[in-house]
Amino acid sequence: MWCILLLSGWLVCSEGADGPGAVIRIDLGTIDRAVSSALNESDVLQRMAEEAGEKKPNTKPIRGISGIKVKDLHPPVISLAFSPGLGLFMAVLVQMAITGKSFTGGNMEIAVAANLTASSQLWQGATGIPTFSARGCHITLISVTTNLPSRMLPKVISKFLDSTLQKVLPDLLCPAVDAVLNLVNAKFSTLTSEIPLGTAGTLQYALLNPPVTRERFIELDLKTILHQEEGKEVKLRRDQPPLASLPPKRDGATQLVLSAGFLSAELSILLVSFNLDISNNSVLGLPPLVTTMLGALIPEIARVLPPSQPVVIEMRAVTAPVVSITQDKSFVQLFSTATFWVSPPDSAPEFLFALDVHSNLEVQFTVAEEKLQLSLTLQSVPQVALASSSLGMFDELPLKGLLAEIIPAAYVPSINRVLHEGVPLPNLLGITYQRANVSGFEKCLALWCIGCAADIDPKCIVCWLPDNYLSLKNKSRPNYLPAALLGLEIKAGSLRGHLGNFS
């Protein structure tokens with residue numbers, strides 16, 4: 001009988017599945033924290049401000065001002081919105097002072113408040129990593145003040161400021177877009193790191209399909225690449241949920257969905273670690289495992305059993321476990337062999353018989369130390385069948401009750417110790433799963449993370465743009481942050497960066 005199960009298990013595990021092993025839907029708050037963290041860790045704007053006065057090759061000096069320096073750079077105010085089908089829209093309020101020697105010969109200071117807006121495309125990199133690339137940069141002046149003498153002609157001052165800022169601001173601020181996106185991309189690059197599963201094998205996540213940007217989240221379909229210790233890849237089962245059957249996305253939370261097929265394949269990597277030899281020392285509180293006890297259960301073999309000899313039961317998982325998940329309960333179907341041996345103290349063990357055992361185990365899921373942990377509880381032993389015997393044929397049914405006592409007392413605790421190591425979860429953008437809520441759905445498990453990134457010490461302010469921001473018509477959609485928020489008044493026009501116009 002097990003030959004049929006082994007064959008079917010081999011077919012299931014040797015054929016690849018078209019669907020993803022995992023899907024992660026990243027909310028805007030998680031992207032916000034990744035951008036803020038990138039700015040905090042790098043001080044990219046401060047570094048660019050420090051480099052503003054450095055002479056660069058093939059750069060013409062700016063007429064009317066020399067010795068340019070940037071000071072009083074305020075923490076940026078960042079606003080983000082998803083661009084459906086494209087990637088990310090970013091607006092950054094920057095406030096600073098630009099100083100230098102003016103054409104009048106005195107020290108000049110220009111206090112500037114400007115809003116940088118940029119679009120970026122999210123695509124699939126060659127190594128299976130999500131990657132942002134900048135598509136446009138546009139700078140809008142919000143306010144400009146200067147210490148130039150008020151007696152100078154306003155038109156002269158206006159023309160001078162416009163010329164100066166058009167040359168300074170784009171080269172100063174627009175490169176920051178690339179720099180920040182590169183830092184965020186570095187936080188994506190950890191996704192594909194190969195993760196050891198103890199000594200049993202490895203797990204690696206990578207993009208299965210190009211990332212999709214929707215109105216409220218970014219969706220990443222992930223392939224879960226599992227290798228056994230010897231390097232053989234373990235394919236996923238075909239009964240994974242299609243994308244259409246994924247649970248709905250909750251607002252304000254990043255969602256990770258793991259397929260039942262992926263969890264089954266993960267357990268199959270650990271099969272060898274489930275092996276256990278059960279003896280009297282393994283089962284406390286149960287009748288002694290001796291031949292006399294077996295003879296009492298099965299009278300027809302009592303006469304051929306050596307009297308009062310210790311018995312060892314070898315439990316071996318023989319085919320891939322099957323994980324089934326529903327909204328109410330989740331189960332693992334485990335197929336094992338239980339081989340009974342007489343183990344005399346002064347001679348080699350002698351084979352008695354082997355049973356095929358089907359165990360039905362309920363599974364509970366929790367998250368600890370950034371890993372998904374599984375804990376099994378025996379619900380029933382629906383089937384026990386005699387596979388081979390040195391004692392002749394006999395009715396194996398009385399042994400079902402014995403195994404129903406021994407498996408939860410010894411075998412399941414041993415498996416749970418292996419499972420305590422946990423299933424590593426996708427590592428990207430600093431997402432933490434420690435406080436995630438775990439829910440079962442049909443054929444998949446969903447983890448809901450609210451505030452899914454590690455706490456940071458903010459050096460910048462992050463705002464969310466309205467959901468309909470990018471759908472507004474150009475006339476009603478400003479290229480700057482709301483003036484009411486800033487307490488500022490628009491006093492100047494817009495400047496274009498070297499990356500091109502934002503549209």
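This passage walks through some aromatic contacts, a strand hairpin and a loop in the structure shown above. The model is a predicted one, and the description below keeps to a few places that a newcomer can find by residue number.

A good place to begin is with the aromatic rings, since the structure holds 6 aromatic pairs. One pair is formed by F132 and F188, whose ring centres lie 5.9 Å apart. Their planes meet at 45 degrees, which is neither under 30 nor over 60, so the pair counts as tilted. The two partners come from separate elements: F132 belongs to strand β6, which covers residues 130-146, whereas F188 belongs to helix α4, which covers residues 154-188. Because the partners sit in that strand and that helix, the contact ties together parts of the chain that are 56 residues apart in sequence. Both F132 and F188 are buried.

Elsewhere, aromatic residues form a group: F340, F353 and F394 are linked into a cluster by ring pairs. A ring can also meet a charged side chain, as W448 shows. Here R250 lies over the face of W448, at 4.0 Å from the ring centre.

Attention now turns to strand β15, made up of residues 322-325. The two faces of β15 can be told apart by their cover: V323 and I325 make up the covered face, while V322 and S324 make up the uncovered one. The partner of β15 is strand β16, residues 330-342, and the two strands run antiparallel, joined by 4 bridges. Within this pairing, V323 of β15 stands opposite V332 in β16. The connection between β15 and β16 is a hairpin, which passes through 4 residues.

Last comes the loop between strands β17 (350-368) and β18 (371-389), where E369 is found. E370 lies in this loop between β17 and β18 as well. The backbone of E369 has a phi near 55 degrees, a positive value in a residue other than glycine. For E370, phi is near 65 degrees, again a positive value in a residue other than glycine. How exposed are these residues? E369 has a relative accessible area of 68%, which is over 50%, so E369 counts as exposed. E370 has a relative accessibility of 27%, which falls between 20% and 50%, so E370 counts as partly exposed.

How values were computed. Residues numbered from 1 in each chain as written. Predicted model: local features only at pLDDT ≥ 70, side-chain atom pairs only at ≥ 80, totals over all residues. Heavy atoms only, no water. Phe/Tyr/Trp six-rings, centres within 6.5 Å; stacked < 30°, edge-to-face > 60°. Buried < 20%, exposed > 50% of the residue type's maximum accessible area, 1.4 Å probe, protein only. Lys NZ or Arg CZ within 6 Å of the ring centre and 35° of its normal. Pairing = 2+ DSSP bridges.
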